[in-house]
Amino acid sequence: MYKSKTVRALMVIVLLVVQCSIAFAVSAEAAVRASINADTRQVTIEGQAVAGVTQLTAKVTGPQSEIVNIEQIAIGNDKSYRIEFVLSEYAAEGSYKVYIGGNGINAAESASFTYVKPSTPSPGTPEPSPGTPTPSPGTPEPSPGTPTPSPGTPTPSPGTPTPSPATPKPSPSTPTPSPSAGVIVQGTISETKDDTGKAATKVTVGAEQLKQAAEALKKQGNGAAEFIVEVPADRSVALVSVSAQALADAENAVPGALITVKAGSASYHLPADLIDVAALAKQLGAEAGDVQVTITLEKKSGAEADAIAAVVKAAGGEIVGDVYEFRVTAHAGSNKLELTDFGNRYVTRSLTLPKTVPGQATAVVIDPETGELSFVPARFVQKDGTTTVIMKRTGNSTYAVVSLNKTFADAKGHWAQADIELLASKLLVKGVADNAFAPEQAVTRAEFASLLVRALGLTEQRGEQAFGDVRASDWYAGAVAAASAAGLIEGYEDGSFRPNAVISREELAVLAMRAFDFAGAKASAEQSLQQFADANAIGTWALDGVRRAVSEGILNGMTDSDFAPQEQTSRAQAAVMLKRLVLKLGFMD
């Protein structure tokens, strides 16, 4: 029987709310102890199971009853157990409850622990140079997405004509210290239109303003590297324009420089080193100093918002909060280039919802051409009755939060039902038909490549195929092309991919760890495979992948003593493995 060792649950970019009910029961004889190391956020759960118990399930819920971790473990002869996991860096402070359940147990029991974040010293406010107006010390950093007027915008004195909306309004250039290890950069605010003719509020940031902000960041120390630009939420379209060379200079002055744009309920965080000035200048046929970069945050409204809502409704879901499109463009004169693909670099953006979202929520990206919804790696931070959805993806597009509840008739009562339905509701897995998942059907190479592409939030690619046996008309063609471009899959010596061949467990391990590496995840200490009697049967080409997959807890043995490297993997097993992978990567809570 396939063992699921780590079974966690939570959410993704359109937010999907999944209903999942789990019953737990435990004997009063089995004491449960739970503790947390506040510095490392490592949670330890220990206890002694009663006689007759062979498997336990541990569920941990947070301060607002959201599920933060679920694990299933086998119980050995001594009946003791120990579970360890690391709490999310975004975890809320407060009381966490532990519920233990399993077979042969007939009474409820729980333990609890309290998480308090370690205190950190204030980064310190940089002292302005003599003669420079002192910034207001009490200017708070707005919560992500909270519309605030640009701090420091001058108020006209009595009798001074009020500038018309089209007149640029310069603001003081002194950077304002931000409580979040960054500085608020002041720019020139104006009303304009975007490339599609929509009314927009624009903030233009000059090279000198970025230079002063960089000096303020260096004075802060503590690794401060965030340049924050706030756009007043006067219009549904917010633009921030800055010289590409100024961004490069900011990166040179402050390694790891991050340009954060805040507008309405959305934020966008662009690493400055993603802007290759020389390459952009060459593509635009311009001098490096003439290249401007514009970051656009657009809240969808009217007919566009209605069309997106209709797509979500047709999929059986409902939108939660606002829908935003994020764009980055480079331009010089009349030439323009939109930056849509950042390779293997994940760019963070966030949406703030004015309410608490259940733990089973998820996020999605909307394909502008097809209207198809796809999973987006995301974390959910709940604070003061709001939820901030922190999304990571290697490209730009339109994002939303959705509630969706997907079930399959043939998954009811299956050992992996909860995971299958959760991942289907998050758009990570799909059925073989609307109401059928075929959980025991073997997974093919094409199917698993598609699962990895979805899990990493990659965009399927259209056009010429890398393998001779994959046609553009095949349902998996776009995913196979994306997986090949990302280095997740390789073909055979004859140039084929063999998409319909069943994937073995050792192949699955190798591909899963390539996805792990693509996402830039930090590896755990590797374990040996000596516990498996059939370790010698693992192909030499797959040994490293299998060892790492087992060490990370992404893949287990078929039994305690057998890995079964050449055995097939069922669709249910692949779903459980995929869930462990996205949790390990921090792509789900």
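Here is a chat about how a few labels in this predicted model are earned.

Trainee: What should I know before we start?

Mentor: Residues are numbered from 1 along each chain as its sequence is written. The model is predicted, so local features need pLDDT of at least 70, side-chain atom pairs count only at pLDDT 80 or more, totals for chains, interfaces and linings use all residues, and side-chain values use heavy atoms, leaving out hydrogens and water.

Trainee: How many helices and strands are there, and what makes a run count as one?

Mentor: The protein chain has ten helices and 25 strands. They're DSSP runs numbered from the N terminus: H or I of at least four residues for a helix, E of at least two for a strand.

Trainee: Why is helix 5 called largely enclosed?

Mentor: Buried means under 20% relative accessible area (exposed is over 50%, partly exposed in between; 1.4 Å probe, protein chains only). Seven of the nine residues of helix 5 (417-425) pass that test, so the rest of the structure largely encloses this helix. Among them are Asp419, Ile420 and Leu422.

Trainee: What covers those buried residues of helix 5?

Mentor: Strand 21 (362-366) and helix 10 (571-584) are included in the cover, going by contact, meaning heavy atoms within 4.5 Å.

Trainee: How do you know that strand 1 and strand 2 pair?

Mentor: Pairing takes at least two DSSP bridges. Strand 1 (32-37) and strand 2 (42-48) are joined by six and run antiparallel, so they pair. One bridge partner of Asn37 is Gln42.

Trainee: Which strand 1 side chains are buried?

Mentor: Val32, Ala34 and Ile36, pointing to one face, are buried, while Arg33, Ser35 and Asn37 point to the other and aren't. In a regular strand, side chains alternate between the two faces of the sheet.
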